[in-house]
Amino acid sequence: EVGKAFEDGLDPEAGDSWDWFVLKAAEAGTLTVVTRQLGNGDAPDLVLEVYTGGKFTDAQDRSDQDLQSNAASESVSVQVTAGEAVHVRVTGNFTRPAKYRLSSSLAP
């Protein structure tokens, strides 16, 4: 659901190297998806990707920008049509377990 925050985590050593989410736009507009670190300590180096049109070979948008000097802070934006499903993948460049929050918003 667009607008609802999800809390999840990755644990590459245990084989949990990525998470997929599907967001469905209720109306046309710009869908923005962001990640933030959960908890204290060193931020995991997250990578955020969005895929549209059922194409999974190339991301429509990708973020490994480490916004605000935080390795877990990423943001992507993509234009969507009403009813369009957008696939979001969260991965990382780290080996220890890490928790994050994924949030989204739609600007018509």
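Select Arg 62 and Glu 49: their side chains meet in a salt bridge, with 3.2 Å from N to O. This pair links distant parts of the chain, since Arg 62 belongs to strand β5 and Glu 49 to strand β4, 13 residues apart. The model on the screen is a predicted one, and the tour proceeds from this pair to the two sheets and then to the surface.

**Stop 1: the salt bridges around Glu 49**

Keep Glu 49 selected and add Arg 89. Glu 49 forms a salt bridge with Arg 89 as well, and here the closest N and O atoms are 2.7 Å apart. Glu 49 lies in strand β4 and Arg 89 in strand β7, so this pair ties together parts that are 40 residues apart in sequence. With Arg 62 displayed again, the three residues Glu 49, Arg 62 and Arg 89 appear as a network of salt bridges.

Is Glu 49 buried or exposed? Its relative accessible area is 7%, and a residue under 20% counts as buried, so Glu 49 is buried. Arg 62 is partly exposed at 48% relative accessibility, and Arg 89 is also partly exposed, with a relative accessible area of 22%. Side chains of opposite charge can pair when their charged atoms come close.

**Stop 2: the sheet that holds this network**

Now select strands β2, β7, β4 and β5. These 4 strands form an open sheet in the order β2-β7-β4-β5, with antiparallel pairing. Which strands stand at the edges? They are β2 and β5 (61–63); each has a single partner strand, so one side of each is left without a neighbour in the sheet. Neighbouring strands of this sheet are turned by 15 degrees against each other on average, direction ignored.

Select residues 46–51 and 85–92 to isolate β4 and β7, which run antiparallel and are joined by 6 bridges. Within this pair, Val 50 stands opposite Val 88 of β7. Then move to β2 and β7, an antiparallel pair joined by 7 bridges. The bridge partner of Lys 24 in β7 is Ala 85.

**Stop 3: the two faces of β2 and a surface patch**

Select residues 18–24, which make up strand β2. In a regular strand the side chains alternate between the two faces of the sheet. Along β2, Asp 19, Phe 21 and Leu 23 point to one face and are buried. Trp 18, Trp 20, Val 22 and Lys 24 point to the other face and are not buried.

Next, show the surface and select Trp 18, Trp 20 and Phe 56. They form a nonpolar patch there, with about 350 Å² of accessible area together. Trp 18 counts as partly exposed, at 48% relative accessibility.

**Stop 4: the other sheet**

Clear the selection and choose β1, β8, β3 and β6. This is an open sheet of 4 strands in the order β1-β8-β3-β6, and the pairing is antiparallel. At its edges stand β1 (6–10) and β6 (74–80), each with a single partner strand, so one side of each is left without a neighbour in the sheet. From one strand to the next, the twist averages 25 degrees.

Select residues 29–37 for β3 and add β8: the two pair in the antiparallel sense over 8 bridges. Thr 35 stands opposite Leu 102 in β8. β3 is also joined to β6 by 7 bridges, again antiparallel, and the bridge partner of Val 34 in β6 is Ser 75.

How are the side chains of β6 divided between its faces? The covered face holds Glu 74, Val 76, Val 78 and Val 80, while the uncovered one holds Ser 75, Ser 77 and Gln 79.

**Stop 5: a salt bridge between β8 and β1**

The whole structure contains 3 salt bridges, one of which is found here. Select Arg 101 and Glu 7, whose closest N and O atoms are 2.6 Å apart in a salt bridge. Arg 101 lies in strand β8 and Glu 7 in strand β1, so the pair ties together parts that are 94 residues apart in sequence. Arg 101 is partly exposed at 30% relative accessibility, whereas Glu 7 is exposed at 52%.

**Stop 6: the loop after β7**

Finally, select Thr 95, which is found in the loop between β7 and β8 (98–107). Thr 95 is exposed, with a relative accessible area of 52%. What does Thr 95 contact, leaving aside its neighbours within four places in sequence? Thr 95 is in contact with Asp 11, Pro 12 and Glu 13. Although Thr 95 and Asp 11 are 84 residues apart in sequence, their C-alpha atoms are 7.0 Å apart in space.

Note on methods. Residues are numbered from 1 along each chain as its sequence is written. This is a predicted model: local features need pLDDT of at least 70, side-chain atom pairs count only at pLDDT 80 or more; totals for chains, interfaces and linings use all residues. Side-chain values use heavy atoms; hydrogens and water are left out. Patches are made of residues with over 30% relative accessible area and no salt bridge: like charges are joined within 9 Å, nonpolar side chains (Val, Leu, Ile, Met, Phe, Trp, Tyr) within 5 Å. Accessible areas come from the Shrake-Rupley method with a 1.4 Å probe; for residues, only the protein chains shown count as cover. A salt bridge is a side-chain nitrogen of Lys or Arg within 4 Å of a carboxyl oxygen of Asp or Glu. Buried means under 20% relative accessible area, exposed over 50%, partly exposed in between (1.4 Å probe, protein chains only). Two strands pair if DSSP finds at least two bridges between them. Axes are lines fitted to C-alpha atoms, for helices over the stretch in contact, and angles run from 0 to 180 degrees between N-to-C directions. Contact means heavy atoms within 4.5 Å.
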